[in-house]
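This report describes a single protein model, beginning with its aromatic pairs and moving on to the sheet and the pocket. Please keep the structure in view while reading.

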Amino acid sequence: MAIRIVRLGSERTENEGLRIGTVRRPPRGVPKSEFSARNWYDVWFPTLAPSLETMKLAQQASTPEQWAAFTRKYRAEMGKPEATHALELLAKLSHQTNFSVGCYCEIESHCHRSILKALLLQYGAELAD
């Protein structure tokens, strides 16, 4: 059992399980009834998405320093009680069932999901290769 970190909208892999969208906004132009069928996500969970202000920092980050500033701000947001409870829950669930979390960004290393992956590991999550 494990969590997979995925790009939303990509083809699903075997044993991926429930796909959780950790994004601030749903995909544009897609009816809600088609989110799952089009491989976006099965459940929207914006609790683990960066705030709009913080998301803009990530989108504008073009230097390592700017990315570091985004990382600090996102980690601070994920340190709030609601987010820590969610991280702990997902980490525990990863030992019981397969599921995935993701975002739309093309490059994982320049996306909040790379930081989310590290946070989940800190909480003891089992991650798929």
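How many aromatic pairs does the structure hold? The model is a predicted one, and the structure holds 4 aromatic pairs. One of them is formed by W40 and Y104, with an edge-to-face arrangement. The ring centres are 5.6 Å apart and the planes make an angle of 75 degrees. An angle over 60 degrees counts as edge-to-face, so the 75 degrees between W40 and Y104 fits that label. W40 belongs to the loop between strand 2 and strand 3, while Y104 belongs to the loop between strand 4 and helix 4, so this pair ties together parts that are 64 residues apart in sequence.

**The sheet**

The strands named above belong to an open sheet of 4 strands. The order of the strands is 1-4-2-3, and the pairing is parallel. At the edges are strand 1 (3–7) and strand 3 (43–44), each of which pairs on one side only.

Strand 2, residues 18–21, pairs with strand 4, residues 99–103, in the parallel sense over 4 bridges. Strand 2 is also joined to strand 3, by 2 bridges, and these two strands run parallel as well. The table lists bridge partners of residues R19, I20 and G21.

| Residue | Bridge partner | Strand of the partner |
|---|---|---|
| R19 | S100 | strand 4 |
| I20 | V101 | strand 4 |
| G21 | W44 | strand 3 |

Helix 4 (residues 112–122) lies across strand 1 and strand 4. The helix runs at about 175 degrees to strand 1. On a scale that goes from 0 to 180 degrees between N-to-C directions, this value means that helix 4 and strand 1 point in nearly opposite directions.

**The largest pocket**

The largest pocket has a volume of about 350 Å³. Its lining is made up of 19 residues, and those closest to the centre are M55, Q59, C103, Y104 and C105. Y104 is thus named here and is also the partner of W40 in the edge-to-face pair.

Which elements give two or more residues to the lining of the largest pocket? They are helix 1 (52–60) and helix 2 (64–77). Helix 1 supplies the largest share of the lining, with 3 residues.

Sorted by class, the lining holds 12 nonpolar residues, 4 polar residues and 3 charged residues.

Terms used: Residues numbered from 1 in each chain as written. Predicted model: local features only at pLDDT ≥ 70, side-chain atom pairs only at ≥ 80, totals over all residues. Heavy atoms only, no water. 1 Å grid on protein atoms, 1.4 Å probe; cavity = no way out; pocket = protein on both sides within 12 Å on 5 of 7 lines; lining within 4 Å. Points joined across faces, edges and corners; volume = space filled by probe spheres on them. Nonpolar A, V, L, I, M, F, W, Y, C, P; charged D, E, K, R; others polar. Pairing = 2+ DSSP bridges. Contact = heavy atoms within 4.5 Å. Phe/Tyr/Trp six-rings, centres within 6.5 Å; stacked < 30°, edge-to-face > 60°.
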